[in-house]
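User: I have a structure to go through and I would like some help reading it. Can we put it up?
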Protein chains: 2
Amino acid sequence: MGVKRKTKSVELMLETFGQSKNALTVVDLVKRFEGKMNKTTVYRVLERLEDEGKLHSFTGKDGLKWVAKCHGCISSNHTDDHPHFQCNDCGISQCLSLDISIPKVANHKIESANFLFFGQCEQCLNSYSE
Amino acid sequence: MGVKRKTKSVELMLETFGQSKNALTVVDLVKRFEGKMNKTTVYRVLERLEDEGKLHSFTGKDGLKWVAKCHGCISSNHTDDHPHFQCNDCGISQCLSLDISIPKVANHKIESANFLFFGQCEQCLNSYSE
DNA sequence: TTTGTTAATGCACCTAAGTTGCATTATATT
DNA sequence: AATATAATGCAACTTAGGTGCATTAACAAA
């Protein structure tokens, strides 16, 4: 690959995430762009935007790949280990702007971490009291 | 399903984990038992042993399912959130007997968590200095 | 504006993890 | 030994994700 080109697919993908902290599964993105963007293109655009540090991804409990456009991340690069949250009720997933210290582990050198929290999101919590 | 029966598959599976804290991928287990136990049986035996609380599982970064026979776990049930470690060099994965406190997150109710650490294991660290 | 280069895309096909339905086998009970 | 049913094997399926290659679209140079 040589010089990157600006394409509609790339713009469309970034617009989709907008300013939201919510993550989306790749499967969902493929469905969303049905007719507009090929499945393969979705995967390749995501790969590119990850390489460029504009998106980041993580693996959910179900093994599915989730993607997000984390804005409030603490570190500047997208390899930082901010936690992600998944709602057990509605299934939404989002980035948490939260710094978790990685503990020392005897006889191990820890380089990175994945944190995944499960529970109820704000919306679902509120819907109980209505 | 009615009354559970003792079977060779179940014993064989538990023996495989022995007293080790190491986790194994289901894919690896299927390969290991090739000729002795069917792929479907592997999945079903694992499901059963998880239900019985004798094994527990987690999803790796690659989306593969890992299984372990965690002995040194802090809590008695197998839904506790002890962290898992995966070596970036040799790929082994293991349970960590380590208690990580789940932070409070504003407007969220957190019920459970997954912690996954990456780095170098003891063996790989030692092999550098040889 | 047109032309040439090549990055980006679409498409068809593939790979592999995990699941399901059903016939067969093995275990336990009487 | 006969019976009931849990456990297993097998084949076929589902689906996330990837690959090779022909076609299209973006951009630079003329």
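Analyst: What follows goes through the predicted model by topic: the chains, the sheet and the DNA.

User: What should I know before we start?
Analyst: This is a predicted model, in which local features need pLDDT of at least 70, side-chain atom pairs count only at pLDDT 80 or more, and totals for chains, interfaces and linings use all residues. Residues are numbered from 1 along each chain as its sequence is written, chains are lettered from A and ligands numbered from 1 in the order in which they are written, and side-chain values use heavy atoms, with hydrogens and water left out.

User: Ok. What rotation superposes chain A on chain B?
Analyst: A rotation of 180° with 0.0 Å of shift along its axis does that, and the RMSD is 0.0 Å. The fit is by least squares on the C-alpha atoms of residues with pLDDT of at least 70 in both copies. This is the relation of a two-fold axis.

User: Which C-alpha of chain A is nearest the axis?
Analyst: That of G63(A), which is 2.1 Å from the axis.

User: And how much of chain A's contact surface recurs in chain B?
Analyst: 100% of the contact residues of chain A recur in chain B, so the same surface serves both copies. Contact here means heavy atoms within 4.5 Å.

User: New topic. How many strands are in the sheet, and in what order?
Analyst: The open sheet has twelve strands, with mixed pairing. Their order is β2(A)-β3(A)-β1(A)-β5(A)-β4(A)-β6(A)-β6(B)-β4(B)-β5(B)-β1(B)-β3(B)-β2(B). Strands (E, at least two residues) and helices (H or I, at least four residues) are DSSP runs, numbered from the N terminus. Two strands pair if DSSP finds at least two bridges between them.

User: Which strands are at the edges?
Analyst: β2 (56–59) of chain A and β2 (56–59) of chain B are the edge strands, and each pairs on one side only. Neighbouring strands of the sheet are turned by 30° against each other on average, direction ignored. For such angles, axes are lines fitted to C-alpha atoms (for helices over the stretch in contact), and angles run from 0 to 180 degrees between N-to-C directions.

User: In what sense does β1 of chain B pair with β5?
Analyst: Strand β1 (residues 22–25) and strand β5 (residues 93–95) of chain B pair in the antiparallel sense, over two bridges. A23(B) is opposite S93(B) in β5(B), and N22(B) has Q94(B) as its bridge partner. β1(B) is also joined by two bridges to strand β3 (residues 65–68) of chain B, again antiparallel. There, L24(B) stands opposite V67(B).

User: What about β1 in chain A?
Analyst: β1(A) pairs with β5(A) in the antiparallel sense over two bridges, with Q94(A) as the bridge partner of N22(A). With β3(A), the pairing is antiparallel over two bridges, and L24(A) stands opposite V67(A).

User: Now the DNA. Which residues are closest to strand C?
Analyst: Of the 25 residues that surround DNA strand C, the closest are S9(A), N38(A), T41(A), R44(A) and R48(A). A residue is near a molecule or strand if one of its heavy atoms lies within 4 Å of it. Sugar and phosphate account for 61% of the atoms of DNA strand C that come within 4 Å of the protein.

User: Which side chains lie by a phosphate oxygen there, and how far off?
Analyst: Among them are S9(A), with a polar side-chain atom at 2.6 Å, and T41(A), with one at 2.5 Å. For R48(A), an N or O atom in the side chain is 2.7 Å from a phosphate oxygen. A polar contact is a pair of N or O atoms within 3.5 Å; within protein, one must be able to donate a hydrogen and the other to accept it, and residues adjacent in sequence count only if both atoms are side-chain atoms.

User: Which element gives the largest share of that surface?
Analyst: α3(A) does, with five residues.

User: And strand D, which residues come nearest?
Analyst: S9(B), N38(B), T41(B), R44(B) and R48(B), out of 25 residues around DNA strand D. Sugar and phosphate make up 64% of the atoms of DNA strand D within 4 Å of the protein. α3(B) supplies the largest share of the surface near DNA strand D, five residues.

User: Which side chain there lies by a base nitrogen?
Analyst: One of T40(B)'s polar side-chain atoms lies 3.2 Å from a base nitrogen of DNA strand D. R48(B) has a polar side-chain atom 2.7 Å from a phosphate oxygen of DNA strand D.
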